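Work through the exercises below with the structure open. Each task is followed by its solution.

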Amino acid sequence: MSNTPREAALRAMPGETLDPQDWDEIRAQGHRMLDDMIDYIATIRERPVWRPIPDVVRAQFRQDLPREPTHLDEVYRTFTDFIAPYTTGNVHPGFMGWVHGGGTVVGMLAELLAGGLNCNLGGRDQAGIEVERQIVRWAAELFGFPPEASGVLVTGSSAANLYGVLVARRRALGEGVRERGVAGARLVAYASAAAHGCIPRAMDVAGLGRDNLRLVAVDDRYRIDVSALAALIRRDRAEGAHPFLVVGTAGSVDTGAIDDLDALAELCRAERLSFHVDGAFGALGVLAPDLKPRLQGLERADSLALDFHKWGQVQYDAGLVLVRDEALHRATFAAPAAYLGRGARGLAANSPWPVDYGLELSRGFRALKVWMTLRAYGTERLGRSIARTCALARLLEAQVRRTPELELLAPAELNIVCFRHRGPDPDRLNAEIVADLQESGIAVPSTTRLGGALAIRAAIVNHRTSERDLDAMLEAVLARGRARLEGNR
Ligand SMILES: *Cc1c(COP(=O)(O)O)cnc(C)c1O
């Protein structure tokens with residue numbers, strides 16, 4: 001053995017990359033996976049919406065750290081047998097739980113393409129950044145923001161709403177907040193009692209405290225009571241607090257309520273508060289001509305959080321925060337870093353980068369699936385699918401009203417119907433009915449509480465859901481309700 005440093009270094013270097021040795025084999029495996037997943041979506045109706053995970057399946061994921069390679073065919077078999085059958089079920093048209101989009105084949109293919117490119121969308125002079133900027137410009141146009149508005153794709157509205165709070169915090173406290181923190185400032189924010197739980201959490205994470213979010217009363221349609229809000233702001237000011245932000249809800253998670261956004265915008269202008277809108281699923285209602293007028297005022301928001309993975313049917317995860325004042329948005333997050341080596345030329349050009357508008361440096365190419373979905377379907381077709389989910393909700397609402405065993409618990413404002421089966425101990429009865437339905441695999445509604453009562457909540461978000469899925473869900477609710485009530489007797 002000769003011992004020059006170069007030879008020693010070469011000996012220490014294993015002679016293989018992670019690329020396949022046989023490209024034809026991996027091509028065949030890849031084609032099979034693609035075919036299988038297209039079949040999976042095409043035949044989704046033939047399977048249960050959801051099924052509980054048997055213990056033997058869970059045990060598959062308690063194995064030792066794999067030190068030796070496993071043949072891809074075997075790895076894939078674990079996927080087909082133990083992963084694919086036991087997912088949430090939101091691809092299925094019978095899924096009506098929470099607010100879940102169904103995804104599309106186009107979105108799936110986009111994920112494959114993005115995986116192949118494997119680019120890092122933190123920044124730099126690459127086409128992916130242009131794709132993401134295109135989405136931000138399209139969003140600005142859709143929501144009536146100025147063309148110079150900024151935005152960044154994030155996981156979802158939990159993150160996007162946090163960003164909205166951080167931008168408003170930066171506006172209220174100036175540059176100093178980034179050096180010294182909130183330092184005793186008593187910033188107070190306002191949202192309706194129907195606001196999503198990620199709003200108080202955003203206050204917590206932003207260092208402002210959940211107690212400094214006032215949950216304002218709602219009217220009989222679950223919309224924020226604007227005069228109660230105005231009174232609270234006055235009272236807080238009188239007590240020496242510093243009101244800084246109102247969060248309007250465009251599509252509440254319980255019932256789909258839309259706050260009077262115009263009135264909130266007006267109040268925020270008069271009181272000089274930031275106005276952020278949580279439009280997680282509802283904001284894309286602007287794509288449906290019937291819904292657009294109800295979102296009037298959205299265009300006056302200082303910032304907007306929304307999800308493409310809900311009504312937009314883009315594959316998880318794909319949220320967006322849009323900010324009217326680009327300079328403020330950048331001033332909230334941008335931080336100099338020498339190792340980014342930014343310049344006017346070369347790959348490190350093309351600032352500002354997404355990293356200047358958020359917390360993440362390394363980021364995947366989420367933008368591709370959003371861009372491909374918008375292009376492949378077009379906003380009109382996506383808008384028709386949104387309108388259809390609302391029409392289905394109205395049908396379901398009418399059926400609930402017609403059925404003596406059932407009781408409607410809230411008006412179906414958008415695409416969400418909250419109702420319950422009548423009977424003694426209704427909270428328990430309805431919770432059991434929902435669990436029965438989920439375990440039966442026939443349909444997956446979820447539950448919520450409205451005015452203290454437990455409701456069966458059917459949110460129609462999936463573009464595949466049709467009348468027959470609603471019928472199957474209702475029939476199952478009635479059958480389980482009857483069985484449970486008879487069982488009790
Ligand atoms: C879904 C939802 C959120 C949270 O969004 P994620 O994408 O799940 O993080 C926030 N607000 C509302 C109204 C929602 O429907």
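Helices (H or I, at least four residues) are DSSP runs, numbered from the N terminus, and the expected span of a helix is 1.5 Å times one less than its number of residues. The model is predicted: local features need pLDDT of at least 70, side-chain atom pairs count only at pLDDT 80 or more, and totals for chains, interfaces and linings use all residues. Residues are numbered from 1 along each chain as its sequence is written, and side-chain values use heavy atoms, with hydrogens and water left out.

**Exercise 1.** Compare the span of helix H13 with that of a straight helix, and find where H13 bends.

Solution. Helix H13 covers residues 366-402. A straight helix of 37 residues would span 54 Å. Between its end C-alpha atoms, H13 spans only 44 Å. The bend of H13, about 85 degrees, is at glycine 378; the angle is taken between axes fitted to the seven residues ending there and the seven starting there.

**Exercise 2.** Which residues come nearest to the ligand, and which polar side-chain distances can be listed?

Solution. Around the ligand are 13 residues (a heavy atom within 4 Å). Ser158, Asp278, Asp307, His309 and Lys310 come nearest. For polar contacts (N or O pairs within 3.5 Å), start with serine 158, which has a side-chain N or O atom 2.7 Å from a ligand oxygen. For aspartate 307, a polar side-chain atom lies 2.7 Å from an oxygen atom of the ligand. For lysine 310, the distance from a side-chain N or O atom to a ligand oxygen is 3.0 Å.

Definitions and conventions. A polar contact is a pair of N or O atoms within 3.5 Å; within protein, one must be able to donate a hydrogen and the other to accept it, and residues adjacent in sequence count only if both atoms are side-chain atoms. Helices (H or I, at least four residues) and strands (E, at least two) are DSSP runs, numbered from the N terminus.
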